[in-house]
Amino acid sequence: MTGPATERVPAGAPLPGPDGLLRCPWGLSAEEYVAYHDTEWGRPVHGDDALFERLCLEAFQSGLSWLTILRRREGFRAAFKDFSIPDVAAFTAEDVERLLGDARIIRNRAKIEATVANARVADRWEKGELDALVWSYAPAARPAPRTLADVPAVTAESAALAKELKKRGFRFVGPTTAYALMQACGLVNDHLAECCARAGGRA
């Protein structure tokens, strides 16, 4: 499974936080999750570099907890030059070897090489093309999930987005990774119906 909303938590219904407000239960499962849940997850993200960053981090997260990535996010940003597509596209074999020795990130050769390869693909596109492509797969609004059991891990739209990205040369982008991206970047609003952060996402 990919993304915080699919990770195991004590219950599937909203839970009260220290402030008494109800939140998605995963948003209270670790200290670092609270601010991420309240201010980032599910809110619309635009911009080629910003979406490239999320795509890369979701790929690095595959097989791991999202918390592992969240705790290393600033290290990732430093190592990958804030995920500037032209800058990462210019990385060399020497840069890959350097990154394999960088303890601030997940040192997985296949994922590092995929990040560089994906940047080279996106660097050939027109400005705004990645943003437009990703957002073209945003589905119509649907009823708010009431518990985590109502939150899917894959949808037809995420499968189609993953297929198109792969067709264009992207690596490490499967349907579950694509759906986690859609959740994180506000293409869908999977905050639970009674969650205090739901109003900040895409209705």
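User: What makes up the largest nonpolar core of this structure, and which residues have the most contacts inside it?

Analyst: In this predicted model, the largest nonpolar core has 58 residues, and those with the most contacts inside it are Phe-52, Phe-76, Phe-80, Leu-130, Leu-165 and Phe-170. The largest share of this core, 6 residues, is supplied by helix H2.

User: Which residues does Phe-80 touch, once residues up to four places away in sequence are not counted?

Analyst: With those residues set aside, Phe-80 touches Phe-60, Val-88, Phe-91, Leu-99, Ile-105 and Thr-115.

User: Why is helix H2 called oblique to helix H10?

Analyst: The axes of H2, which covers residues 48-61, and H10, which covers residues 175-184, cross at roughly 135° and come within 9 Å of each other. Angles of 65 to 115 degrees count as roughly perpendicular and those over 145 as roughly antiparallel, and the crossing of roughly 135° belongs to neither class, so H2 is oblique to H10. The crossing of these two helices is right-handed.

User: Which residues of H2 and H10 meet, and how do they divide by class?

Analyst: From H2 come Leu-51, Arg-54, Leu-55, Glu-58 and Ala-59, and they meet Thr-177, Ala-180, Leu-181 and Ala-184 of H10. Sorted by class, this contact has 6 nonpolar, 1 polar and 2 charged residues.

User: What makes helix H6 oblique to helix H7?

Analyst: Helix H6 (residues 93-100) packs against helix H7 (residues 109-123) at an angle of about 140°, and their axes are 10 Å apart. An angle has to be over 145 degrees to count as roughly antiparallel, and about 140° does not reach that cut-off, while it also lies outside the 65 to 115 degrees of the roughly perpendicular class, so H6 is oblique to H7. The crossing of H6 and H7 is right-handed.

User: Which residues make the contact between H6 and H7, and how many of them are charged?

Analyst: On the side of H6 the contact is made by Val-96, Glu-97, Leu-99 and Leu-100, and on the side of H7 by Arg-109, Ile-112, Glu-113 and Val-116. These residues divide into 5 nonpolar, no polar and 3 charged.

User: Why is Lys-81 called partly exposed?

Analyst: Lys-81 has a relative accessible area of 46%. Buried would need a value under 20% and exposed a value over 50%, so Lys-81, which falls in between, is partly exposed.

User: Where does Lys-81 lie, and what is it in contact with?

Analyst: Lys-81 lies in the loop between helix H4 (73-79) and helix H5 (85-89). Leaving aside its neighbours within four places in sequence, Lys-81 is in contact with Asp-87 and Phe-91. Lys-81 also has a positive phi of about 50°, although it is not a glycine.

User: What makes Phe-172 partly exposed, and where is it placed?

Analyst: Phe-172 is placed in the loop between helix H9 (156-167) and H10. Its relative accessible area is 35%, and this value lies between the cut-offs of 20% and 50%, so Phe-172 is partly exposed. Phe-172 has a positive phi of about 55° although it is not a glycine.

User: How do you know that Gly-128 is partly exposed?

Analyst: Gly-128, found in the loop between H7 and helix H8 (129-135), has a relative accessible area of 31%. That value is not under 20% and not over 50%, so Gly-128 is partly exposed. The C-alpha atoms of Gly-128 and Gly-17, 111 residues apart along the chain, are separated by 38 Å.

Notes. Residues numbered from 1 in each chain as written. Predicted model: local features only at pLDDT ≥ 70, side-chain atom pairs only at ≥ 80, totals over all residues. Heavy atoms only, no water. Axes fitted to C-alpha atoms, helices over the stretch in contact; angles between N-to-C directions. Helix = DSSP H or I, 4+ residues; strand = E, 2+ residues; numbered from the N terminus. Parallel < 35°, antiparallel > 145°, perpendicular 65-115°, else oblique. Left-handed = near helix turned anticlockwise from the far one by under 90°. Contact = heavy atoms within 4.5 Å. Nonpolar A, V, L, I, M, F, W, Y, C, P; charged D, E, K, R; others polar. Core = buried A, V, L, I, M, F, W, Y, C linked by side-chain atoms within 4.5 Å. Buried < 20%, exposed > 50% of the residue type's maximum accessible area, 1.4 Å probe, protein only.
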